[in-house]
Amino acid sequence: LVIQGFEIRGDQRTVNMSVPVQTLAGAIDEICEHGRRLEPPRPWLGLLVHDEDDELTVVGVYRSCPADAAGLQPGDIIVRVGNHEVYGLGHFYRTMWSMGPAGTEIPITVLRDTTRHEFVVASVERLAHLHKGTLQ
């Protein structure tokens, strides 16, 4: 998924978000049969995060979602999740998911400009925030 037009520290950027196919290998049968994984839902924060040169930059925050309610903003650089420094997008998600299922409070430390800020984000199940279309 390529998304254009994100502003990161004054620069317009193109962001590429992908999931390696081998990540789906263990889950594809469950998803096809049940429409989702059967394990407890993972925490979701409502963020779009870009990983470049081991720097995790928040490039989007969905309105009325946990990250928005907690005060995270585009341009924030994620440096810690809980007690763990994060060093890549995969590590960020694995660290967050290891803290518990959806509903878990996720402590996040960011660098905003030159100041560290700490937030606690009350995660939710992502499906709760999907908008269902209406047929006409």
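This report walks through a predicted model of a single chain, from its overall make-up to a few residues worth a look.

**The chain as a whole**

Four helices and eight strands make up the secondary structure of the chain. Reading from the N terminus, you will meet these elements in the order β-β-α-α-β-β-α-β-β-α-β-β. The chain has 136 residues, and 32% of them count as buried. Its accessible surface comes to about 9000 Å², with 50% of that belonging to carbon and sulfur atoms. Contacts can also be sorted by how far apart the partners are in sequence: among those between residues at least 6 apart, 46% join residues at least 24 apart.

**Around Ser123**

Let's start with a serine. Ser123 is found in the segment that comes after strand E8, which spans 115-122. Is Ser123 buried or exposed? Its relative accessible area is 5%, under the 20% cut-off, so Ser123 counts as buried.

What does the side chain of Ser123 meet there? A polar atom of this side chain lies 3.1 Å from the backbone nitrogen of Gly103. The backbone oxygen of Thr104 lies 2.6 Å from a polar atom of the Ser123 side chain. Gly103 and Thr104 also appear among the residues in contact with Ser123 once its neighbours within four places in sequence are left aside. That list further includes Pro43, Trp44, Leu45, Pro66, Pro101, Ala102 and Ile106.

**A nonpolar patch on the surface**

Next, a look at the outside. Leu24, Ile28 and Ile31 make a nonpolar surface patch of about 210 Å². One of these residues, Ile28, belongs to helix H2, which covers residues 28-34. With a relative accessibility of 37%, Ile28 is partly exposed, because this class holds values between the 20% and 50% cut-offs.

**The cysteines**

How many disulfides does a search of the whole structure find? The count is zero. For context, a disulfide is a covalent bond between the sulfur atoms of two cysteines. Two cysteines can be set side by side here: Cys32 is exposed, whereas Cys65 is buried.

The table gathers the accessibility values for the residues discussed above.

| Residue | Relative accessible area | Class |
|---|---|---|
| Ser123 | 5% | buried |
| Cys65 | 6% | buried |
| Ile28 | 37% | partly exposed |
| Cys32 | 62% | exposed |

With the structure open, Ser123 is a good place to begin: look for Gly103 and Thr104, whose backbone atoms lie 3.1 Å and 2.6 Å from polar atoms of its side chain.

Definitions and conventions: Residues are numbered from 1 along each chain as its sequence is written. This is a predicted model: local features need pLDDT of at least 70, side-chain atom pairs count only at pLDDT 80 or more; totals for chains, interfaces and linings use all residues. Side-chain values use heavy atoms; hydrogens and water are left out. Helices (H or I, at least four residues) and strands (E, at least two) are DSSP runs, numbered from the N terminus. Buried means under 20% relative accessible area, exposed over 50%, partly exposed in between (1.4 Å probe, protein chains only). A polar contact is a pair of N or O atoms within 3.5 Å; within protein, one must be able to donate a hydrogen and the other to accept it, and residues adjacent in sequence count only if both atoms are side-chain atoms. Contact means heavy atoms within 4.5 Å. Patches are made of residues with over 30% relative accessible area and no salt bridge: like charges are joined within 9 Å, nonpolar side chains (Val, Leu, Ile, Met, Phe, Trp, Tyr) within 5 Å. Accessible areas come from the Shrake-Rupley method with a 1.4 Å probe; for residues, only the protein chains shown count as cover. A salt bridge is a side-chain nitrogen of Lys or Arg within 4 Å of a carboxyl oxygen of Asp or Glu. A disulfide is a pair of cysteine sulfur atoms within 2.5 Å.
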